[in-house]
Amino acid sequence: MSASSVRSFEYLESLPGTVFNRLYKQPSTALAIFRRMLPHLAKNFVMAMLYVTRPFPITDLETWVRPESRREQDTAVDLLERLQILKRTAEPGKPRSYVLTNPFASSLRQALTGGGNHRSFGIPSHTRFEDEVTIAQLDEVARRQWEGVLGYMVGSTGIGLRDEGVNLSPSVKHLLQYGGLVDVKGRSVDITQDGFAFVLQEVNAQVWTILVLYLENAEQLGMDRVDVLSFLFMLGSLELGQAYSKANLTETQLQMLLDLRDFGIIYQDNPDSDNYYPTRLATTLTSDAGALRSASAGFDTALGPSTNDKGFVVIETNYRIYAYTSSPLQIAILALFARLSTRYPNMVAGKMTRESVRRAINMGITGDQIIDFLYTHAHPQMRKNASVLPPTVVDQIRLWQIEGERMKSTVGFLFKDFFSAAEYEGPCQYARDIGVLVWKNDVKRMFFVTRHEQVAAYLKSQKQKREGG
């Protein structure tokens, strides 16, 4: 599951059953969750049961899975249950069985076969415009607006990213502060550790992070979160370059159009227009097509042949750094942890110093995040070396961080008191598989995780299986 899927899945998992029931009444939502949230094995289970009216015995599911893949089967079934797609049924004297829930099953069938007047996939506008909006124009709008958001976050470097004709609304700035991505003190805006991690993500994951923050803030704005979620899932099913009518949108969704314009997810020539265009940021919400390293590289790759996959950073053992880029955003990110001294039309040069790295660390950026950025964007010439980054530079960055950090605290949950090794190993491995395991001690049979909900659900399902089997 990609980073963006994990982020959106964690939010969906926290929703009550009544919200799922309303969500799944929209075929576009059922199809989006099926395409985006489910691993391949879970999709196979859903398709096998989609047109089966009777309960499906677990023994029948097990015949499709190799004995050594039972863990993947349990994970898939558990995920389907938590997303309220699969419901367990029990009949005396018969093995445990499952059935697809409604309205998810009926909505997915309708999405796959077509028909109905639900209009959950948007209403295409067939009005002829004097100035047709092209896909290239939509990409440029999305690029400019999204890089404007990222530029605001890293604007503390003084590079001057805000001179790009992008004016962020107060609500966008509030959302970034609410999510802990920036720290605002008076007129000063500093990027945080979470904010720098956000900048390093693929574009699709960045968009979902922002949208989940928007969802968490929606109720405070008096917005219906089911309408918000339904609209977001619908956007992922729309066609790039096609205009759509606002006729079927609710009051909440009309308000969303204004907010999503600021992020470059939606384009309107003016707020009073009867139509809107989804940009590439919207149409890739429910697919992995937008899984690209940066906004510039993402749109350039989508538009045609490009060399953006090649890195642009060269760093020497004396901490001198050269970046072959003209992107103000990339230059601003470099200026967070390096002292830039020279700038040419297509290159900047500078040096990483103790003071520049410590300044970044004091803002909450970690040494590992700096190293990850340098590695990800290393020039092809650097990649010809046995070690992409000079070991002396990597070690020194970590030493500069250790100077001010002797201990690191992690908020989380400790699981212990397991009666047997078998009882301990299952949930411990499951925690590792879903990426929440921080520490474990096999001798004392205890482990520490950052999130407990999925592990607790796993333990509960294992207990029910033992009692039922």
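Begin by selecting Val-182 in this predicted model, and then find Ile-191 in β5, which is its bridge partner. Widening the selection to the whole of strand β4 (residues 182-185) and strand β5 (residues 188-191) shows the two running antiparallel, joined by 4 bridges. Between β4 and β5, which form a hairpin, lie 2 residues, and at Gly-186, in the turn, the backbone has a positive phi of about 65°.

Next, select residues 413-415, which make up β13, together with residues 437-441, which make up β14; these are the edge strands of an open sheet, and each pairs on one side only. Adding strand β15 (residues 446-449) completes the sheet of 3 strands, whose order is β13-β15-β14 and whose pairing is antiparallel. As a general matter, strands of a sheet pair through backbone hydrogen bonds, in either a parallel or an antiparallel way. If you look along this sheet, neighbouring strands are turned by 15° against each other on average, with direction ignored. To follow the pairing between β13 and β15, look for the 3 bridges that join these antiparallel strands, and pick out Leu-414, whose bridge partner in β15 is Phe-448.

Keeping that sheet displayed, add residues 421-433, which form helix α20: this helix lies across β14 and β15, and runs at about 155° to β14.

Now move to a pair of helices, selecting α8 (residues 135-153) and α13 (residues 251-263), whose axes come within 7 Å and cross at roughly 80°. An angle from 65 to 115 degrees counts as roughly perpendicular, and α8 and α13 are therefore described as roughly perpendicular to each other. For the side of the contact that belongs to α8, show Gln-145, Trp-146 and Val-149, and for α13 show Arg-261, Asp-262 and Phe-263, which they meet. Colouring the residues of this contact by class gives 3 nonpolar, 1 polar and 2 charged.

Finally, colour the protein chain by pLDDT, for which the average is 84, with 88% of the residues scoring at least 70. Where in the chain is confidence lowest, and where is it highest? Select helix α15 (residues 295-303) for the lowest, at a mean of 43, and strand β10 (residues 320-323) for the highest, at 96. Extending the selection to residues 290-309 covers a stretch over which the pLDDT is below 50, although in the model this stretch has 35 contacts beyond near neighbours in sequence. Where pLDDT is low, the predicted coordinates should not be read in detail.

Technical notes:
Residues numbered from 1 in each chain as written. Predicted model: local features only at pLDDT ≥ 70, side-chain atom pairs only at ≥ 80, totals over all residues. Heavy atoms only, no water. Pairing = 2+ DSSP bridges. Axes fitted to C-alpha atoms, helices over the stretch in contact; angles between N-to-C directions. Contact = heavy atoms within 4.5 Å. Parallel < 35°, antiparallel > 145°, perpendicular 65-115°, else oblique. Nonpolar A, V, L, I, M, F, W, Y, C, P; charged D, E, K, R; others polar. pLDDT = per-residue confidence, 0-100.
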